[in-house]
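Here is a set of short exercises to work through with the model open beside you. Try each task on your own, then compare your path with the worked solution.

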Amino acid sequence: MLMAHPTVLRNLIEQYEALRVLHAESGGEEARRRMDDVAYTLCVSTGTGDVDSALVAARHRLPGALPEDDSVLSA
């Protein structure tokens with residue numbers, strides 16, 4: 001499987017998080033569509049099937065992430 005470059009993954013994570021905040025604040029349909037697009041790209045880029053798994057996988061591939069670091073998981 002091809003692996004996305006860490007810079008691409010960081011950009012996707014940042015886009016998704018910004019869009020999630022925007023959608024939560026305004027509830028706009030455009031923000032939701034864009035968020036779905038970014039979520040899909042994250043899933044494809046990480047080889048996962050859902051956005052939560054994709055975010056965890058992407059964060060683990062960033063420089064400085066520890067292989068057993070679960071700090072990105074919510075309690």
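Two residues are in contact here when they have heavy atoms within 4.5 Å of each other. Keep in mind throughout that this is a predicted model.

**Exercise 1. Overall layout**

Task: list the elements of the protein in order, then find what share of the contacts between residues at least 6 apart in sequence join residues at least 24 apart.

Solution:
- Step 1. Begin by counting: there are three helices and zero strands.
- Step 2. Read from the N terminus, and the order comes out as α-α-α.
- Step 3. Now take the contacts between residues at least 6 apart in sequence; 44% of them join residues at least 24 apart.
- Step 4. For burial, the protein has 75 residues, and buried ones make up 25% of them.

**Exercise 2. Helix α1 against helix α2**

Task: decide how α1 and α2 are oriented relative to each other, and describe the residues at their contact.

Solution:
- Step 1. Locate the two helices: α1 covers residues 6-26 and α2 covers residues 29-46.
- Step 2. Take the geometry, which is an angle of about 150 degrees with the axes 9 Å apart.
- Step 3. Angles over 145 degrees count as roughly antiparallel, and α1 and α2 are therefore roughly antiparallel to each other.
- Step 4. Add the handedness: α1 and α2 cross in a left-handed sense.
- Step 5. Collect the contact residues. From α1 come L9, L12, I13, Q15, Y16, L19, R20, L22 and H23, while α2 brings A31, R32, R34, M35, V38, A39, T41, L42, S45 and T46.
- Step 6. Sort the residues of this contact between α1 and α2: eleven are nonpolar, five polar and three charged.

**Exercise 3. Bringing in helix α3**

Task: work out how α3 packs on α2 and on α1, and sort the residues of each contact by type.

Solution:
- Step 1. Start with α2 and α3, whose axes come within 9 Å and cross at roughly 55 degrees. That angle makes α2 oblique to α3, and the crossing is left-handed.
- Step 2. Find who meets whom: A39, L42, C43 and T46 of α2 touch V51, A54, L55, A57 and A58 of α3. This contact of α2 with α3 holds eight nonpolar residues, one polar and no charged.
- Step 3. Turn to α1 and α3, which pack at about 140 degrees with axes 10 Å apart. That makes α1 oblique to α3; here too the crossing is left-handed.
- Step 4. In this pair, L9, I13, Y16, E17 and R20 of α1 meet V51, L55, A58 and R59 of α3. The contact of α1 with α3 divides into six nonpolar residues, no polar and three charged.

**Exercise 4. The nonpolar core**

Task: which residues touch the most other members of the largest nonpolar core, and which helices supply it?

Solution:
- Step 1. A general expectation helps first: in soluble globular proteins, nonpolar side chains tend to be buried together.
- Step 2. The largest nonpolar core has 15 residues, and those touching the most other members are I13, Y16, V38, L42, V51, L55 and A58.
- Step 3. Assign the core to helices: α1, α2 and α3 (51-60) each supply at least two of its residues.
- Step 4. Follow L42 as an example. Apart from residues up to four places away in sequence, L42 touches L12, I13, Y16, T48, A54, L55 and A58.

**Exercise 5. Three residues to inspect**

Task: for C43, E17 and R61, state whether each is buried or partly exposed, and give a C-alpha distance for each.

Solution:
- Step 1. C43 sits in helix α2. Buried means under 20% relative accessible area, so C43, at 11%, is buried.
- Step 2. Beyond its neighbours within four places in sequence, C43 contacts T48, G49, D50, V51 and A54. From C43 to A58, 15 residues apart in sequence, the C-alpha distance is 9.1 Å.
- Step 3. E17 belongs to helix α1. Its relative accessibility is 29%, so E17 counts as partly exposed. The C-alpha atoms of E17 and M35 lie 8.6 Å apart, with their positions 18 residues apart along the chain.
- Step 4. R61 falls in the segment after α3. With 26% relative accessibility, R61 counts as partly exposed. Its C-alpha atom is 6.4 Å from that of P6, though R61 and P6 are 55 residues apart along the chain.

Technical notes. Residues are numbered from 1 along each chain as its sequence is written. This is a predicted model: local features need pLDDT of at least 70, side-chain atom pairs count only at pLDDT 80 or more; totals for chains, interfaces and linings use all residues. Side-chain values use heavy atoms; hydrogens and water are left out. Axes are lines fitted to C-alpha atoms, for helices over the stretch in contact, and angles run from 0 to 180 degrees between N-to-C directions. Helices (H or I, at least four residues) and strands (E, at least two) are DSSP runs, numbered from the N terminus. Angles under 35 degrees count as roughly parallel, over 145 as roughly antiparallel, 65 to 115 as roughly perpendicular and the rest as oblique. A crossing is left-handed if the near helix is turned anticlockwise from the far one by less than a right angle, and right-handed if clockwise. Ala, Val, Leu, Ile, Met, Phe, Trp, Tyr, Cys and Pro count as nonpolar, Asp, Glu, Lys and Arg as charged, and the others, Gly among them, as polar. A nonpolar core is a set of buried Ala, Val, Leu, Ile, Met, Phe, Trp, Tyr and Cys residues joined through side-chain atoms within 4.5 Å. Buried means under 20% relative accessible area, exposed over 50%, partly exposed in between (1.4 Å probe, protein chains only).
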